[in-house]
Amino acid sequence: MMQSFIDCERTAECIELFKNMPAEQESLRDEISYKTVLRACTIGTSCHFGDAVVREMEERGILENGADIGIYIHLIRVYG
């Protein structure tokens, strides 16, 4: 769903979908959803939220476990 929003150039909706995930579904925030929301942040110039996403990823240990190369590409775009 998040990727569909990006494909339709609706990055704000992608970010809102990520933000509004209920607490019981937070486990669905995997590398793919993080990569997708980071992409939405860079396309939609929401770099402040992208920074918050990166901090959450660090807290959850996602960046320490050899994350997908796509995440690192989007990290460069967030901070580049």
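# Notebook: helices and salt bridges

**Entry 1: Asp-7.** I started with Asp-7, which counts as exposed at 55% relative accessibility. I placed Asp-7 in helix 1. I then looked for something far along the chain to pair it with and took Ala-40, which is 33 residues away in sequence. Their C-alpha atoms are separated by 9.9 Å. Note to self: this is a predicted model, and every value here is computed from it.

**Entry 2: Ile-15.** Next I went to helix 2, where Ile-15 sits. Is Ile-15 buried or exposed? I get 5% relative accessibility, so Ile-15 counts as buried. I also checked Ile-15 against Met-2: the two are 13 residues apart in sequence, and the C-alpha to C-alpha distance is 8.0 Å. Then I listed contacts, skipping neighbours within four places in sequence. What remains for Ile-15 is Val-37, Ala-40, Cys-41, Ser-46 and Phe-49. Ala-40 turns up again here, having been the partner in my Asp-7 distance check.

**Entry 3: the buried face of helix 2.** Ile-15 made me look at the rest of its helix. Thr-11, Cys-14, Ile-15 and Phe-18 are the buried ones I noted in helix 2. Looking down the axis of helix 2, I find its buried residues within an arc of 95°, so they line one face of the helix. That made me recall the helix geometry: an α-helix has 3.6 residues a turn, so residues three or four places apart point the same way. What covers the buried residues of helix 2? I found that the cover includes helix 1 (2-7), helix 3 and helix 4.

**Entry 4: helix 5, same check.** I repeated this on helix 5, which runs over residues 69-79. There I have Gly-70, Ile-71, His-74, Leu-75 and Val-78 as buried. They span an arc of only 145° around the axis, which puts them on the same side of helix 5. On the other side of helix 5 I found Ile-69 and Ile-76, both exposed. I noted two isoleucines there, Ile-69 and Ile-76, while Ile-71 is among the buried residues. The cover over the buried residues of helix 5 includes helix 3 and helix 4.

**Entry 5: helix 3 against helix 4.** Helix 3 and helix 4 came up in the cover of helix 2 and again in that of helix 5, and I wanted to see how they pack on each other. Two packed helices are described by the angle between their axes and the distance between the axes. For helix 3 and helix 4, the axes come within 8 Å and cross at roughly 160°. Helix 3 and helix 4 are therefore roughly antiparallel to each other; the cut-off for that label is over 145 degrees. I also logged the crossing as left-handed.

Which residues meet there? From helix 3, I have Tyr-34, Val-37, Leu-38 and Cys-41. From helix 4, I have Cys-47, Phe-49, Gly-50, Val-53, Val-54, Glu-56, Met-57 and Arg-60. Val-37, Cys-41 and Phe-49 are also among the contacts I listed for Ile-15. Glu-56 caught my eye in that list, and I followed it up.

**Entry 6: Glu-56.** Glu-56 lies in helix 4, residues 47-60. Its relative accessible area is 18%, so I call Glu-56 buried; the cut-off is under 20%. Leaving out residues up to four places away in sequence, Glu-56 touches Phe-18, Arg-29 and Tyr-34. Phe-18 I had already noted as buried in helix 2.

Glu-56 and Arg-29 form a salt bridge, with the closest N and O atoms 2.9 Å apart. Arg-29 is in the loop between helix 2 (11-19) and helix 3 (31-43) and Glu-56 is in helix 4, so the pair ties together parts that are 27 residues apart in sequence. Arg-29 is buried, as is Glu-56.

**Entry 7: other salt bridges.** How many salt bridges does a search of the whole structure find? I get four. Besides the Glu-56 one, I looked at two. The side chains of Glu-13 and Arg-10 meet at 3.3 Å, N to O. Glu-13 is partly exposed at 30% relative accessible area, and Arg-10 is partly exposed at 40%.

Asp-51 pairs with Arg-55, the closest N and O atoms being 3.4 Å apart. Both lie in helix 4, four residues apart, about one turn of the helix. Asp-51 counts as partly exposed at 26%, and Arg-55 does too at 43%.

Technical notes: Residues are numbered from 1 along each chain as its sequence is written. This is a predicted model: local features need pLDDT of at least 70, side-chain atom pairs count only at pLDDT 80 or more; totals for chains, interfaces and linings use all residues. Side-chain values use heavy atoms; hydrogens and water are left out. Buried means under 20% relative accessible area, exposed over 50%, partly exposed in between (1.4 Å probe, protein chains only). Contact means heavy atoms within 4.5 Å. The arc is that of the directions from the helix axis to the C-beta atoms. Axes are lines fitted to C-alpha atoms, for helices over the stretch in contact, and angles run from 0 to 180 degrees between N-to-C directions. Angles under 35 degrees count as roughly parallel, over 145 as roughly antiparallel, 65 to 115 as roughly perpendicular and the rest as oblique. A crossing is left-handed if the near helix is turned anticlockwise from the far one by less than a right angle, and right-handed if clockwise.
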